[in-house]
Amino acid sequence: MSRITFIHTADWQLGKPFAQVRDPDKRAAIRKARIAAIDRIGEVAAQRGAAFVLVAGDLFDSTTVDKPTVSAACAAIGRIPVPVLVIPGNHDHGGPGSIWQQPFFRREREQLAPNLTVLLDPTPVVLEQAVILPCPLLHRTVAGDPAAWLQGSEVFEALPAGLPRIVLAHGSTQRFVGAWADDEEEDASTNLIDPDRIEAMPIDYVALGDWHGTLPVGTRTWYAGTPEPDRFPKGTDQDPGNVLAVRVGHGMPPEVERIRTARLAWRRMAFQFTDDASLDRFKDEIDRFIGERAVETLLRLELSGSLGIEAHTVLEQMLESLEARLAWLRIVQDVQVAPTDTEIAQLKERPGDPLIAGVAASLVDRATQDEDPQTAQLALRLLHVASQQAEGGA
Amino acid sequence: MRLQSARVRSYRLHQDLTVEFDPHRTLIAGDNESGKSTLVEAIHRALFLKATVTGAILAGMRSRIYTGHPEVELRFTVGDDAYHLRKHFSGQNGTATLSRIAGETWQGEEAEERLADLLGVEPAGGGRGIDKRLQAQWAHLWVWQGQGGEDPAQYAAAQQHQLLQQLQRVGGAVAMQSALDGRVAEHFARLYDGIFTRSGKPKAGSALASAEAEHESAQERFQQAKSRMARLEEAMGTFENARETIRQANASLAEARQQLQATTERLEGLGRLREQERTQRLEMEAIQGRLGAAEEADRKISELQERAQRLQHALSPLQSERARKDQSLADLRERVERARKGHEEAKERALKARRMRDLAVVRERVMDAGQQHQALERQVAEIERHERKIQQFRDRLARLPAIGREALDRLERLDRDRGKAKASLEAAAPEIELLEASLPVRIGDRTLAPGERLSVTETEELEAGDLRLRIHPGGGESLGSLRTRISTIDGEIREALTGWGLASLDEATEVVVKRQEIQREIDRLQAALDALNPESTREQFKEAQVHLAATQAEVDRLQQAVGEGKVVPEGLEAARQQVRHAQQQVDSAETEEQKAASGLETLAKQVEQFAQERDEIEQSIRDRKHEQNEIETTIRILVQKAGDELQRRIERQRLLEAKQAAEQQLEQVRAAIAELQPDLLDADKERLERVIQNGRETISHAEQQRAAAQALLQTDGTEDPRAELAQARAGFAAAEERLQAAKRHASAIALVHELFEAQQRELAEHFSRPLAEKITTYLQPVFGPQARAVAMFDGNDFTGVELVRPDMPGALSFDTLSGGTREQVAAAVRLAIAELLAADHDGTLPIVFDDAFANSDPRRISLLQRTLDLGARRGLQIIVLTCHSAHYTALGARQVCLAPSRTDTAATHRRQ
């Protein structure tokens, strides 16, 4: 009995729109990164001498991806030197109108990716080196176990002996309900796979998709995770951005190796401003955090606290630069403008300009007491800027 | 600054005029064109116009009456210093000299600058537009003629800076808005105007409006993407449902088809059974038909045989009856022959009797005709006698001339006429009687003898010797014509008498009498003749002759027929007797004849009846025999067809048995049909067909739905609706964010702007109140203690003055005031401003009112004196120019009178 090696991957989510990224160029770059990851998977497959690549669902982000995405995907898959077997996941399910049935996809697959096989039927696929037991999702949601067809001994008795048996499935396991739910998508209560039940079957490996971090959920059951992360991580224990090189033989426990494929760094950072001096601290921290990888870094920046009027303006300028430099900057900002005593004095104590002084005093009152302090803060900033400009111009 | 005196030389209509001013109140009076306005203009130009001015403005100053360049000299004080100013306006060579009394003197440009400095003004300069610039100098203090009612706010605005400084001083410690304040406030006002409309709505094109629009379109795009996605998802559901529907429908369709197959087979079996039933039924009916026919034939044969027998029985009595009838008929015919002979004889006798009677009748007629003929013959003879007599008279008449009464009357008339004519002639003609003559007297062509009397009936010439007389007979008709007439009448009478062969008129009269007598006789005879009716009598006579001859001929004819035998009667009566007798003979013979004829007829009828009866019996016998023949033929045919009696019985038996067998079979088939429940079978078929049809429709419908859903799901891949939805959602969120930011920004700007406005209002209040109060003090003398002024100040500018009066609601803006009131309010404002500004000018300033109250009524002008006096008391130098000096006596001013025309004078000064 010998082992074979194959690549387990999933959740490529090609065509994901990244709609929150407003800049179209940045958005295109992030989308492209996902295609680029396929080439790296090809390289890994070649290096590890993999017999084939299994994609455990969600190759596409939706069942209606556009033509350029289809073509780019097929071209990239075509460059992988070994067969690629795919099941539809919940994002790209094989239901009516699915991408797999669109004539354009079929044409592109035929022309660009002859090594790609889409497994749309829950029936065993016997390869030279292994038997694949696909559990494709043929609807968006399956109320129940997509692997339910793997039931009863006769299914397995009919399989050729000696070949390793690999289950290819997509869905959540009960242990992770709600744990990876992103802001707007995925109802984790459907497509529930019971890993214990599958592990009890005479199979050798279960290649799962859906969970974007790399994660074993049994002795023979793994989530490969997405090869290129596509969202800001929620915790520190998640490990997206890998593929798995699996060595498997019939009747033997599998040997699983994580291989890093990610290029983009999705990072979260939080900072609280305590005074104007903390602005320098923030700058240092950002520099340290990003280092030389600005172009590949996607940052979710959560800011709080307050700054004086001028410091706030400086912060804004900093953020402006940062936004331009990073692959994507998502700012979750709630920085108050709290004029410094000096600034307040500058505005209020103007015996020569009684109007500005009067207005400023009124705004300072409002900024601290009013029910809408933000408007008053902004007004104060505007007054500050306008006064300085007028003074400069006078 | 205070004016002390002015001297004006060679300035328009002034040759040389000097006016001294009271330090407080000066009234310059003068009629129109006395040069009041020229005076104040000259003073104003001395103060503000460069001496070197040229062009139109200088030309306007020059006098057309007096030689020399215009020159103005002023004496005035500023503070404790007295100054003398002299400007000689001679174009570019014009000179200006300013000297402080007991001090230094400035010349030319220096003098001009020093003067502007003293007056606190920027020099007006020269060149283009000098008119206007000049007019603006001290415009608040100089009320030019006709400008008394102008809005004083403009002067306030012109003196803004100084005024505000004074007001700030008067109003207290409040700081004035700085230039920076103004710029920043203006900056926010501009920003605010850029964002909001007057009604406070976002302005089109502003960042806020475009953020709102963007937000709306992002929302729209999001909704569209959502609904497109929803449609896709619905299509997916539809597709799956349709697929399931088709699967289920196909399953039930297969089952229905199977059932239909079974039903169809059973229905085919039923069809076969029904066909069988039909055939068997027909067969049985055929057997039954044949059986019936056999029985019918049997019955018919025996019936016919019975009838033939009955006919045979009825024939012999008829035959014996026929023989009896033949005998009776022969007897009767003999009797008829006898009767016919008797009848012939009776007819002959009657004929003879009738001829005898006819002869008798004709003979009677001959007698009668002979008698009539004789009578007529006599009448004809009488007529002829009369006619002969008449002829005789006519012959006599014919021998007399045929003179009628009328002809005679005419002649007599002519005769009378002639007589009258002659008488006339004799009466008219002069009668000449030659009594004696020596010479022959000729009259006409004849000679008149003495004593001869001559009636001259026509013009004649009488000659005797050399005496010639013409005699003209005269009177009435000309004698000639009378003579002519007489001769004409004579001719006519003669002609008539000659025609008749008579000699005279008397003869003619005689002839006429004779003719009349003869005529009367003829008439009498003619009447007698006419009474005899000669025509018809002759006619009757002729007829009687013919009738007599014809009757005689008839007698001869009848006589021939009858032959001799009867005696010819002697007379008419005998003839008549004969006639009566013959008639009796005729009657008797005819009665006999009738009797014979009647008997004959009776017998003939009897014969006819008997013959008919015999024929009827004969016919009856023939009919029965014919019938018998027919029956026998029929029987023969029937037997030929159906066989004899034995054969027929055997056939009947066979048919009965066949019938029973067929009935049994039919019963079996019918039972089999009933077993199949044909009614239900049909319903089943119909039902299953319906099921199949419904199934097909369901499938077709589902297929359509599936196809439609598929078409919808068959995206062309140019875009990803899910990605589009995500984009739209993100876009909407971003737009929302931007909108909030824009709103906040707009609110912030609005807030700053409003705060600035509030500040400015507050500031304005500080400045405008002291000015309003000052104006009010000048208004109250005219409008009463309740009147009040409101000064409008927008933070930078005074924009207007309003008047508040107790008897009017609200504040009245300057524009709405009447012309007179405007003058009074404007004066108050000027005085207030002058008073405030005087602080910069050693506490006093001159203020000139040139005919400034033209629209004010005398009462108000009278009240105005208090206002003007108040200004003077507060340090102002009031100079009033008027042509109604009487109205201003209450001012108590020094009055200067300008004469309308002068050569060279100082004005008359008079203290009032």
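## Group meeting talk: chain B and its contact with chain A

Let me start with a pair of strands in chain B: β15(B) and strand β16 (residues 798–804) run antiparallel and are joined by six bridges. One of those positions you can find on screen is Met792(B), whose bridge partner in β16(B) is Gly800(B). Before we go on, please keep in mind that this is a predicted model.

Now widen the view a little. These strands belong to an open sheet of three, in the order β15-β16-β17 (chain B), and the pairing is antiparallel. Which strands are at the edges? They are β15 (788–793) and β17 (811–813) of chain B, each of which pairs on one side only. If you look along the sheet, neighbouring strands are turned by 35° against each other on average, ignoring direction.

Next, find the helix that lies across this sheet. α16(B) lies across β15 and β16 of chain B, and runs at about 150° to β15(B). Remember that helix, as we meet α16(B) again where the two chains touch.

So let's turn to that contact. It takes 38 residues from chain A and 44 residues from chain B. On the chain B side, the elements giving two or more residues are α7 (179–195), α8 (207–399), α15 (678–713) and α16 (721–783). Which of them gives the most? That is α16(B), with 19 residues. Sorted by class, the chain B side has 23 nonpolar, 13 polar and eight charged residues.

Let's zoom in on one helix pair in the contact. Two packed helices are described by the angle between their axes and the distance between the axes. Here, helix α9 (residues 354–369) of chain A packs with α16(B) at an angle of about 125°, and the axes are 9 Å apart. That angle makes α9(A) oblique to α16(B), and the crossing is right-handed. Which residues make the contact? From α9(A) we have Leu355(A), Gly358(A), Val359(A), Ser362(A) and Leu363(A), and from α16(B) we have Val752(B), Leu755(B), Phe756(B), Gln759(B) and Gln760(B). Look at the spacing of those numbers with this in mind: an α-helix has 3.6 residues a turn, so residues three or four places apart point the same way. By class, this helix contact has six nonpolar, four polar and no charged residues.

Now a quick tour of the other strands in chain B. Strand β5 (residues 81–88) and strand β6 (residues 95–100) run antiparallel, joined by six bridges. They form a hairpin with six residues between them, and Gly91(B) in the turn has a positive phi of about 75°. β6(B) also has three bridges to strand β7 (residues 105–107), again antiparallel. Leu98(B) is a nice residue to click on: its bridge partner in β6(B)'s pairing with β5(B) is Leu85(B), and in β7(B) its bridge partner is Trp106(B).

There is also an open sheet of four strands, in the order β11-β10-β13-β14 (chain B), with antiparallel pairing. β11 (446–448) and β14 (467–471) stand at the edges with a single partner strand each, so one side of each is left without a neighbour in the sheet.

Finally, a small check you can do yourself on helix α14 (residues 645–675) of chain B. At 1.5 Å a residue, its 31 residues should span 45 Å, and the end C-alpha atoms are 46 Å apart, which agrees. Just after α14(B), Gln677(B) takes a positive phi of about 50°. Thanks for listening!

How values were computed
Residues are numbered from 1 along each chain as its sequence is written. Chains are lettered from A and ligands numbered from 1 in the order in which they are written. This is a predicted model: local features need pLDDT of at least 70, side-chain atom pairs count only at pLDDT 80 or more; totals for chains, interfaces and linings use all residues. Two residues are in contact if their C-beta atoms, placed from the backbone, lie within 7 Å. Ala, Val, Leu, Ile, Met, Phe, Trp, Tyr, Cys and Pro count as nonpolar, Asp, Glu, Lys and Arg as charged, and the others, Gly among them, as polar. Two strands pair if DSSP finds at least two bridges between them. Axes are lines fitted to C-alpha atoms, for helices over the stretch in contact, and angles run from 0 to 180 degrees between N-to-C directions. Angles under 35 degrees count as roughly parallel, over 145 as roughly antiparallel, 65 to 115 as roughly perpendicular and the rest as oblique. A crossing is left-handed if the near helix is turned anticlockwise from the far one by less than a right angle, and right-handed if clockwise. The expected span of a helix is 1.5 Å times one less than its number of residues.
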